[in-house]
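Open the model in your viewer and keep the sequence panel beside it. The tour moves from the whole chain to single residues.

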Amino acid sequence: MNIDYVYDALTALRGALPLLPEALIPGTPRRWSQHELTEEQRDRMDALARVEREAKMENLSRGIKALGDGKAPLRLDVLVTTGEIHAGVADLEDAACDQLQITPLAGASTEQRIARVIGLLDRVAAWPDLADHVTDEAVRLRRLAGRAIGDNEAILRIDARCSICDARSLRAFPDRGVVVCVNKACRCAYEDCPCWWDPPRNHRWPEEQWVALALAIGADQ
């Protein structure tokens, strides 16, 4: 378990919580930081804008007009995500407390529960199954919050072949400190690796393995 990595994910999640109510309102200006768009992301947004513009012109030519400029009172997707985050944090604290045989906080806020889990990370790390669960859930909830507030994670394509499956399928996730092979069929030689699980997880290299990965893919070029 990379405690610093999980700490960063939980801290980012806690920081996103106050922004969720604003994100519920359609059209609310963003006040949080945003990653600079990649050329690929800009191309996708431009393509989407063209499609929307062409659809609007087609509707106008057929005499179909918008019903008005009114917006939905709330963004339902953000409302659902907010509930999932609060429930997920409570379940995360329950799982940690159950394994460590301590009592969950009574009547605590989600922020307080996150702080509780952060304070338990050193103890959680001693239980591998629990540590994996806390890591996965912290990252998942942080990503959910990020999508809800528009703070999308940067994804970088690595122009090299995977040293395991030889596919051009390597992607770097700087926020998570991990490189992933997105080829679903990629399997390494170690059957206890998560890429062999049922269902399998994408094979990944944490930051401490990046030097070895760079040497491996460099030798294959």
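The stops below say what to select and what is there.

**Ground rules**

This is a predicted model, so local features need pLDDT of at least 70 and side-chain atom pairs count only at pLDDT 80 or more, while totals for chains, interfaces and linings use all residues. Residues are numbered from 1 along each chain as its sequence is written, and side-chain values use heavy atoms, with hydrogens and water left out.

**Stop 1: the whole chain**

Color by secondary structure. The protein chain has eight helices and four strands. Helices here are DSSP runs of H or I with at least four residues, strands are E runs of at least two, and both are numbered from the N terminus. Starting at the N terminus, the order is α-α-α-α-α-α-α-β-β-β-β-α.

Now switch to a surface. The protein chain exposes about 14,000 Å², and carbon and sulfur atoms supply 53% of it. Areas come from the Shrake-Rupley method with a 1.4 Å probe; for residues, only the protein chains shown count as cover. Of the 221 residues, 31% count as buried. Buried means under 20% relative accessible area, exposed over 50%, and partly exposed in between.

Contact means heavy atoms within 4.5 Å. Among contacts between residues at least 6 apart in sequence, 58% join residues at least 24 apart.

**Stop 2: helix H4**

Select residues 76–100, which are helix H4. Two residues of H4 are worth picking out: Val80 and Thr81.

Is Val80 buried or exposed? Val80 is exposed, with a relative accessible area of 52%. Add Leu76 and Leu79: with Val80 they form a nonpolar patch on the surface, with about 300 Å² of accessible area together. Patch residues have over 30% relative accessible area and no salt bridge; nonpolar side chains (Val, Leu, Ile, Met, Phe, Trp, Tyr) are joined within 5 Å, like charges within 9 Å. A salt bridge puts a side-chain nitrogen of Lys or Arg within 4 Å of a carboxyl oxygen of Asp or Glu.

Thr81 counts as buried, at 14% relative accessibility. Which residues does Thr81 touch, not counting residues up to four places away in sequence? Show Leu144 and Ala148.

**Stop 3: the strands**

Select E1 (residues 156–157) and E2 (residues 170–173). Two bridges join these antiparallel strands. Strands pair if DSSP finds at least two bridges between them. Arg157 has Arg171 in E2 as its bridge partner.

Add E3 (residues 178–181), antiparallel to E2 and joined to E2 by four bridges. Here Arg171 has Val180 as its bridge partner. E2 and E3 form a hairpin with four residues between them. End on Gly177 in the turn, with a positive phi of about 65°.

Methods
Buried < 20%, exposed > 50% of the residue type's maximum accessible area, 1.4 Å probe, protein only.
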